[in-house]
Amino acid sequence: MQVAIFFGSKSDTETMKKAAAVLKEYGVDYKAHILSAHRSGELLAQTVRQVEKEGAKVIIAGAGLSAALPGVISSLTVLPVIGVPLECVTPGVSNGLGGMDALLSVVQMPPQIPVASVGINNAKNAAYLALQILALNDESLRKRLVEFREGLAKNAVSGLNVEL
């Protein structure tokens, strides 16, 4: 297992599945855990220690509202932690802050306890950042990412002269 995915609530599953899908596409092993930083702190600490023992190299952590989960995890490990700020939506109704509360919580970490951040609900980009980190020591993965980026560039070129 190279990547551990954490998120604080079962309601975040659909968003965080996007990270898992990218990792699956690249054949990167991962494990996912639903644990709240506020409601299950000791279990969270035990689980972070366990994923370290299992060989995790990067952690993706999604959280809404105060978004404490990525920061708490970062305080427990020296592994890179990528925070995914999540918009808190209860059956179709936002909490009114559109995920900005979570974004600010993730990016405003105190000195010496960093958490990288991606955009609100952008679990997919968290997975791509995790892949880039892993590619530092995996030439095959690096090559696949380069080829993927080249494909993106080719797609962009094909859209330069379109007839409307």
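The following legends describe close-up views of a predicted model.

Residues are numbered from 1 along each chain as its sequence is written, and side-chain values use heavy atoms, with hydrogens and water left out. Because the model is predicted, local features need pLDDT of at least 70 and side-chain atom pairs count only at pLDDT 80 or more, while totals for chains, interfaces and linings use all residues.

**View 1. Salt bridge between Glu54 and Lys31.** The structure holds four salt bridges (a salt bridge is a side-chain nitrogen of Lys or Arg within 4 Å of a carboxyl oxygen of Asp or Glu). In the pair shown here, the closest N and O atoms of Glu54 and Lys31 are 2.9 Å apart. The pair links distant parts of the chain, 23 residues apart: Glu54 is in the loop between helix H2 (41-53) and strand E3 (58-64), and Lys31 is in strand E2 (residues 30-34). Helices (H or I, at least four residues) and strands (E, at least two) are DSSP runs, numbered from the N terminus. Glu54 is partly exposed at 28% relative accessibility, and Lys31 is partly exposed at 37%. Here buried means under 20% relative accessible area, exposed over 50%, and partly exposed in between (1.4 Å probe, protein chains only); the areas come from the Shrake-Rupley method with a 1.4 Å probe, and for residues only the protein chains shown count as cover.

**View 2. Salt bridges of Arg49 with Glu42 and of Glu139 with Arg142.** The closest N and O atoms of Arg49 and Glu42 are 3.5 Å apart, and Arg49 is partly exposed at 39% relative accessibility. For Glu139 and Arg142 the corresponding separation is 3.8 Å. Both Glu139 and Arg142 belong to helix H6 (residues 139-158), where they are three residues apart, about one turn of the helix. An α-helix has 3.6 residues a turn, so residues three or four places apart point the same way. Glu139 is exposed, with a relative accessible area of 55%, whereas Arg142 is partly exposed at 41%.

**View 3. Buried face and nonpolar patch at helix H4.** Asp101, Ala102 and Val106 are the buried residues of H4. Seen down the axis of H4, these residues fall within an arc of 125°, so they line one face of the helix (the arc is that of the directions from the helix axis to the C-beta atoms). They pack against E3, H3, strand E4 (81-86) and strand E7 (116-117). Met100, Leu104 and Val107 make a nonpolar surface patch of about 260 Å². Patches are made of residues with over 30% relative accessible area and no salt bridge, with like charges joined within 9 Å and nonpolar side chains (Val, Leu, Ile, Met, Phe, Trp, Tyr) within 5 Å. Val107 lies in helix H4 (residues 100-107) and is partly exposed at 42%.

**View 4. Surroundings of Ser74 in helix H3 (residues 68-76).** Ser74 is buried, at 7% relative accessibility. Its side chain reaches the backbone oxygen of Pro114 at 2.7 Å. Leaving aside neighbours within four places in sequence, Ser74 is in contact (heavy atoms within 4.5 Å) with Val81, Ile113, Pro114 and Val115.

**View 5. Positive phi values at Leu65 and Ala67.** Phi is near 55° in Leu65 and near 50° in Ala67. Most residues other than glycine have a negative phi. Leu65 is in the loop between E3 and H3, as is Ala67. Leu65 is partly exposed at 42% relative accessibility, while Ala67 is buried at 4%.

How values were computed: Polar contact = N/O pair within 3.5 Å; in protein donor to acceptor, adjacent residues only side chain to side chain.
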